[in-house]
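Trainee: I would like to take a close look at one part of this model and see how it connects to its surroundings. Please go slowly, and keep the separate pieces of the picture linked to one another.

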Amino acid sequence: MLPLSFLYGMILWIRNKLFDKNYLKSASFNFPVICVGNLAVGGTGKTPMVEYLLRFLKNDYATATISRGYKRKTKGYGLADENTTALDIGDEPMQFHLKFPDVSVAVGEERLEAIPQLLHDRPGTQVIILDDAFQHRQVTAGLNILLTDYNNLYTRDFILPGGDLRDIKSSAARAQIIVVTKCRRNLEEAERDQIIKELKPSPNQQVFFTEIIYGTPYHLFSKVPSAISHSTDVLLICGIANPKPLKDFLTTQVHTYDMLRYPDHHIFDSGDLAEIKKQFSKIASENKIILTTEKDGVRLKKFENELKELPVFVLPVQHAFMFNQSEAFCNTVTDFIASFKPKEN
């Protein structure tokens, strides 16, 4: 696959050069725009990072987020309201909408068109977070947050199809913040420093490290929390890009688990529902639950009538900054917003 990777890499390099030389146009806005993205395909923790930003910004700023709305049944720009479903805007935007009802959640394949429409619909908006838009160079964000998985740093990866990269490694230079995600909990400072050395950040780039923290599961429909233990037997319903951290977590936290694995962003149907019920009935235990991710839970909600009698729980996940970096990260983001000065016409 490496010859194909080389060819695709050359195409990406030419495209980036055309943007760098302004032959392809990129627009910026007189407005604080933050982009969360990566160089690889999926699995670096973009959704929990967007949530992290929403969680600490929404109380001080009228905050909005724009996503592509992958695998939704609609096209073009859309703004979530009380009647919106995951089929309208996609699973991840629907997750944002349900968890942060005071945040404006919009979708649009073309961010360049979606941003003005969102500002028209929500004129009081003070900051917009672009979800998974690092490769969409038609818009120049004021602050770029680039994520890379500790277990597969972009410096060690290859361009598709020989690897997981969908952009060339030198594109990382466009980011002001690089976050190494999904680090092992006992990461030592010596290894941290070695990774920073490998990433070779420029003087204007900051590098942060996070680990994945799983919260207490809550019932998909009632939202009532319920802790799991070493006596719990689990049927895991999983349709995410990289389930390994979740599987590693369950290995240490529950008695046993079986997994039904689905493609990323999988839209569940009645056949899947029948299979879930069948596999759950095979678990010979009195202390058994169905456990799923928040993203999968959004797509299972439409089966409330069929699932409401079953113990279906959702496992929340968050980024936790390591080496006491949380305050520094938040300060960098809020300093960008507070110091943003619109250009004079």
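With which residue does E51 form a salt bridge, and how far apart are the closest N and O atoms of the pair?

Mentor: The model is a predicted one, and within it E51 forms a salt bridge with K99, the closest N and O atoms lying 2.8 Å apart. The two partners belong to distant parts of the chain, since E51 sits in helix α2 (residues 46-57) and K99 in helix α4 (residues 91-99), with their positions 48 residues apart in sequence. Their surroundings can be described separately: E51 has a relative accessible area of 1% and is therefore buried, whereas K99, at 29% relative accessibility, counts as partly exposed. The pair does not stand alone, for E51, R55, K99 and E294 are linked in a network of salt bridges. In the structure as a whole there are 16 salt bridges. Side chains of opposite charge can pair when their charged atoms come close.

A further salt bridge concerns the loops that follow these two helices. D102 forms a salt bridge with K58, with 3.8 Å between the closest N and O atoms, and here D102 is in the loop between α4 and β4 while K58 is in the loop between α2 and β2, so the pair again links distant parts of the chain, 44 residues apart. D102 is exposed, with a relative accessible area of 51%, and K58 is partly exposed at 25%. R72 and E109 also meet through their side chains in a salt bridge, at 3.1 Å from N to O. R72 lies in the loop between β2 and β3 and E109 in the loop between β4 and α5 (111-121), so this pair ties together parts that are 37 residues apart in sequence. Of these two residues, R72 is buried with a relative accessible area of 10%, and E109 counts as partly exposed at 31% relative accessibility.

The strand named in both of these loop pairs, β4 (residues 104-107), deserves a description of its own. Strand β2 (residues 63-67) is joined to β4 by four bridges, and the two run parallel; within that pairing, the bridge partner of S67 is V107. Strand β3 (residues 78-79) is joined to β4 by two bridges, in this case with the strands running antiparallel, and L79 has A106 as its bridge partner. In a regular strand the side chains alternate between the two faces of the sheet. Along β4, S104 and A106 point one way and V105 and V107 the other way, and all of them are buried.

Elsewhere in the chain, T148 offers a local view of a buried strand position. T148 belongs to strand β6 (residues 143-149) and, with a relative accessible area of 3%, is buried. Its side chain reaches the backbone nitrogen of Y154 at 3.0 Å. Leaving aside residues up to four places away in sequence, T148 touches T44, L153, Y154, I178, V179, V180 and T181.

A separate sheet is found later in the sequence. This open sheet has five strands in the order β9-β13-β12-β10-β11, with mixed pairing, and its edge strands are β9 (218-219) and β11 (256-261), each of which pairs on one side only. Strand β9 is joined by two bridges to strand β13 (residues 312-315), and these strands run antiparallel; Y218 has V314 as its bridge partner in β13. Two helices lie across strands of this sheet. Helix α7 (residues 244-253) lies across β10 (233-238), β11, β12 (288-293) and β13, and runs at about 160° to β11. Helix α8 (residues 270-281) lies across β10, β11 and β12, running at about 140° to β12.

As for covalent cross-links between cysteines, a search of the whole structure finds zero disulfides. C35 is in no disulfide, and the nearest cysteine sulfur to that of C35, belonging to C330, is 18 Å away. C183 is likewise in no disulfide, with the sulfur of C330 the nearest cysteine sulfur at 17 Å. C35 is buried, with a relative accessible area of 1%, and C183 counts as buried at 6% relative accessibility.

To return to the starting point, E51 is paired with K99 in a network that also includes R55 and E294, and the pair links helix α2 with helix α4.

Key:
Residues are numbered from 1 along each chain as its sequence is written. This is a predicted model: local features need pLDDT of at least 70, side-chain atom pairs count only at pLDDT 80 or more; totals for chains, interfaces and linings use all residues. Side-chain values use heavy atoms; hydrogens and water are left out. Two strands pair if DSSP finds at least two bridges between them. Contact means heavy atoms within 4.5 Å. Axes are lines fitted to C-alpha atoms, for helices over the stretch in contact, and angles run from 0 to 180 degrees between N-to-C directions. Buried means under 20% relative accessible area, exposed over 50%, partly exposed in between (1.4 Å probe, protein chains only). A polar contact is a pair of N or O atoms within 3.5 Å; within protein, one must be able to donate a hydrogen and the other to accept it, and residues adjacent in sequence count only if both atoms are side-chain atoms. A disulfide is a pair of cysteine sulfur atoms within 2.5 Å. A salt bridge is a side-chain nitrogen of Lys or Arg within 4 Å of a carboxyl oxygen of Asp or Glu.
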